[in-house]
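These are notes for a colleague who asked for a reading of the model. They begin with one residue and then move on to the chain that holds it and to the contacts between chains.

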Amino acid sequence: MLADLVFWGLSVVAVVSGASVFRVDSMARATYALAVSFVAVGAALLLMRLDYLGLITVLMMVMEMAVMAVYMVMFMGMNPALMPMSMVHGKRAAVAAAVTVFVVLSGGALLVDWPARRGAPAPDTVAALGEALMGSKMLVMMAISPVMIATMVAGIAVAAPRGRYDRFGDDLRSPAADPQRGGVGR
Amino acid sequence: MGVTDRISARAVRRAHVLAVEVPGWWVARAEVERAARARGWQLATSPADADVLAVCGPPGERLAAAVERVWQQLPGPRARVEVDGSDAGTAAAALGRAAQLLRTSGATDTPPDHTPPGDGTGDDTTGEHGPDEHDHEHGDMDMDMDMAPAGIPLAQGADDRDGLEMDVLAVPLGPVLPCWPGGLVLRCRLHGDVVAEAAVEVLRAAGPPVDTTRRDGASTGSARRLDAAAALLELAGWEDAAAAARRVRDRWLGGERAGSVGAGDERLHRRVARSRPLRWALPDDVRQRLLSMLDPSSVGAPVGVPLHALPGLVAGLDLAAVRLVVASLALDLSPAPSRPTAAADV
Amino acid sequence: MSDVGVVEVAAIWAPAAAALLALLAMAAAALDGALAARGSGLPATAGLSAPVNETARLLRQRRRVTVAADSLLWRAGGGGLLVAALLMVVVVPLGRFTLADLPVGVVWFNAMDIVVWAAVWLAGWGPNSAHSLVGGYRFLALALAYELPLMFALTAPAVAAGSLRVGDVAAAQDGGWWYVAQMPVAFLVFCLGVTAFSVWGPFAPPAGTDLAGGVLTELSGVDRLLFLAGRYALLAAGSAFAVPLFLGGGAGPVLPGWLWVLVKTALLLSVFVVVRRRLPALRPDRFAEVGWLVLLPLVLVQVLVVAVIAVGRG
């Protein structure tokens, strides 16, 4: 009973703060409203005894929102950071699509004949979830993540406006000409 | 009655003092600092942190206006005292008056509820927006020009040090700022926290410094360079060394014999010179100037940089580096006819 | 020596845990005040009453409102530090007792120290002041550099103990060397992380003097008290968490487990407080390279070594 109440409360918080992202006037408020929404979702995961997933959701999302606030102010700061702005385009089509999808999904959730539960949840729900999602491909998934990080880092290094030749000169030997020295003396 | 009084008594035991240095009156400010520390009081880092505003010396017209703006920003309970002499007794007496005022202030002294947006001198809040990159591609951005949230106009964009277009924020540094030469105003145009350009001016005092103590020039000179070194070490975040520098400065100001103080001076110099974290943290030229400030064998005042060269020195640096550079220059803004200062004002 | 395992106590003990944290925070503040007094030439005992006097002063001080400030975000940021610290100690076992025996206690601590990111940036953004904003951004710059090393430093003891439960990590150190000796790099990076998320000592530029107080510029009264208390509370909470993770939990001769936890916490906390005055501040722009190019590889190698040993053992 208490768990049900808490779950409904968290759901309301998640939806309301998610919607308020589009209603508030300030980019910082929008970002942190989104953070509140994610934290509510993470807390709901904790209720389902998916401890690790719930906490990781909270952790990663708060960290992301902190960094996203910087980007939101940077790219959208001039006008919309503090002034009311309409963030929607093509209103009519969007409203129609949104209402249709909501009706279909909620109708499905309410009207589908869900099967009865067989057995009990596994003792380690997170491990069971991982097995179900990735199964025999676990090793592949774990190998992919460092490859992804390496790709991201390589992409940033390639996209940087000032490369090694700009910094060091053509002979790559002179001391780096940076506007401010880094901490390691690179 | 009992609880409020007890809380007030405890609160006054640890008041925070914001010492306003009028150009030329650095000794008075140093004495106020010493008296504050002797009482167990702290030095405030900003007006919001301060309980006591101690104006050291007679400010000129514009400086007085700046001090008034800062006074408006002190949250109550607060006290304001004037220190008109450069000796220890005056400073201690002024702080004693301040303590008395603090104990009895409270309901009688209410600062205004809202500070108006800053535009000129004084370390106050300025209406602004965060650092931005402005993208010209959106057509509907033309209407930004007349938007003004809370009455503060939106910032305009300009190219910054790295060629990106960023919003410009006008932030004046000084004239009332801890660890900053009193009376100096550096009007910076910031992109983020990088200073794009700066304009310097000095807000003058209403009168020359009054020094009733009989200190010789060498002691005063040594105290001056240690005062500058203490400010720079405080800005670098090394509190132990800054406190040591202040102690040696107070010993010079207190008229101790040169031999005994010189040993402490030399110890401090060696300690700071040996420190590897400080060598890593400070830019090279700043560190060299710091070491020459601490060197007991350096004679008199360091070779000064003319004020009009200051904007060129700080352009392209971020705020931390600007503060360090200005502190390392140990600018002497005393009103003296022989000093080749420029960009003067009333 | 926990042979029984960790016992979870009822939530009614939460105020007692909060009081204990407050006590540790005040002790840290008193020690800091004493060291500051000694630095100014006064006797050290003159500074011991610093927390009480400062609390009285701040309670008496009026709050400020700046123009066009985002009050909601500002106050949320100011109080967020204390909330994060209180939530951190929920998983720390005091001997055999803990408020919440989460199976993922280590990740809980990590999540709470991320909350500090949000809190400090909001405290910088809220007052609509140039210096505060620069302070908030400085914190994010430092955070991006120290957080990943801290996360891996938290992973190392968990890998060695084979569990994310804080009680298990403490119990796994029974009978062998404590993890502080087995994985010193992880311990050092953890300590660095604790001082960093407490905006303390070398990591104080977000609240630094060169920014007229940085994030603290416009704070006064109760809000300032909450922020400053939150810094000390985070320091205490981080020290308390280091005990089960690296210092063997309640293990030790003669004294009962809970007393050992307090003693070890107090010792580590006093080391943090003493270190503050002796080191200059780290510039965020220069620390970024150090964090990513020096600390992160070191701590990754540490985790690799620990993992190889763990695999070899079982």
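1. The model is predicted. Is B:R249 buried or exposed? Its relative accessibility is 1%, and buried means under 20%, so B:R249 counts as buried.

2. B:R249 belongs to helix 6 of chain B. Leaving aside residues up to four places away in sequence, B:R249 touches B:R29, B:A30, B:E33, B:A223, B:L226 and B:D227. Helix 2 of chain B spans 26–38 and helix 5 spans 217–235. B:L268 is 19 residues from B:R249 along the chain, and the two C-alpha atoms are 11 Å apart.

3. On chain B as a whole: eleven helices and nine strands are assigned. The chain has 346 residues, of which 55% count as buried. Taking contacts between residues at least 6 apart in sequence, 70% join residues at least 24 apart. The exposed area of chain B is about 14,200 Å², with 54% supplied by carbon and sulfur atoms.

4. How many residues does each side give to the contact of chain B with chain C? Chain B gives 68 residues and chain C gives 51 residues. About 5,000 Å² is buried between these two chains, and carbon and sulfur atoms account for 55% of that area. The size of an interface is often expressed as the accessible area lost when the parts come together.

5. Polar terms between chain B and chain C are as follows. Seven salt bridges are found across the interface. One of them joins the side chains of C:R57 and B:D51, with an N to O distance of 2.8 Å. Residue pairs in polar contact, both at pLDDT 80 or more, number 21.

6. Which elements of chain B give two or more residues to the side that touches chain C? They are helices 1, 2, 4, 5, 6, 8 and 11, together with strand 7 (169–173). Helix 1 of chain B has the largest share of that side, six residues. Sorted by class, the side of chain B that touches chain C holds 35 nonpolar, 16 polar and 17 charged residues. Helix 6, where B:R249 lies, is among the contributing elements.

7. The second interface to read is that of chain C with chain A. Here 29 residues of chain C are in contact with 24 residues of chain A. The buried area is about 2,400 Å², and carbon and sulfur atoms give 76% of it. On the side of chain C, the residues that lose the most area to chain A are C:W125, C:R286 and C:E289, which together make up 23% of what that side buries.

8. Between chain C and chain A the count is one salt bridge. C:D70 and A:R29 form a salt bridge in which the closest N and O atoms are 2.6 Å apart. Two residue pairs are in polar contact, with both residues at pLDDT 80 or more.

9. Four helices of chain C each supply at least two residues of the side that touches chain A: helix 3 (71–88), helix 4 (105–125), helix 5 (130–161) and helix 11 (284–313). The largest share, eleven residues, comes from helix 4 of chain C. By class, the side of chain C that touches chain A divides into 22 nonpolar, one polar and six charged residues.

Methods
Residues are numbered from 1 along each chain as its sequence is written. Chains are lettered from A and ligands numbered from 1 in the order in which they are written. Side-chain values use heavy atoms; hydrogens and water are left out. Contact means heavy atoms within 4.5 Å. Buried area is the accessible area (1.4 Å probe) that two parts lose on being put together, summed over both. A salt bridge is a side-chain nitrogen of Lys or Arg within 4 Å of a carboxyl oxygen of Asp or Glu. A polar contact is a pair of N or O atoms within 3.5 Å; within protein, one must be able to donate a hydrogen and the other to accept it, and residues adjacent in sequence count only if both atoms are side-chain atoms. Ala, Val, Leu, Ile, Met, Phe, Trp, Tyr, Cys and Pro count as nonpolar, Asp, Glu, Lys and Arg as charged, and the others, Gly among them, as polar. Buried means under 20% relative accessible area, exposed over 50%, partly exposed in between (1.4 Å probe, protein chains only). Accessible areas come from the Shrake-Rupley method with a 1.4 Å probe; for residues, only the protein chains shown count as cover.
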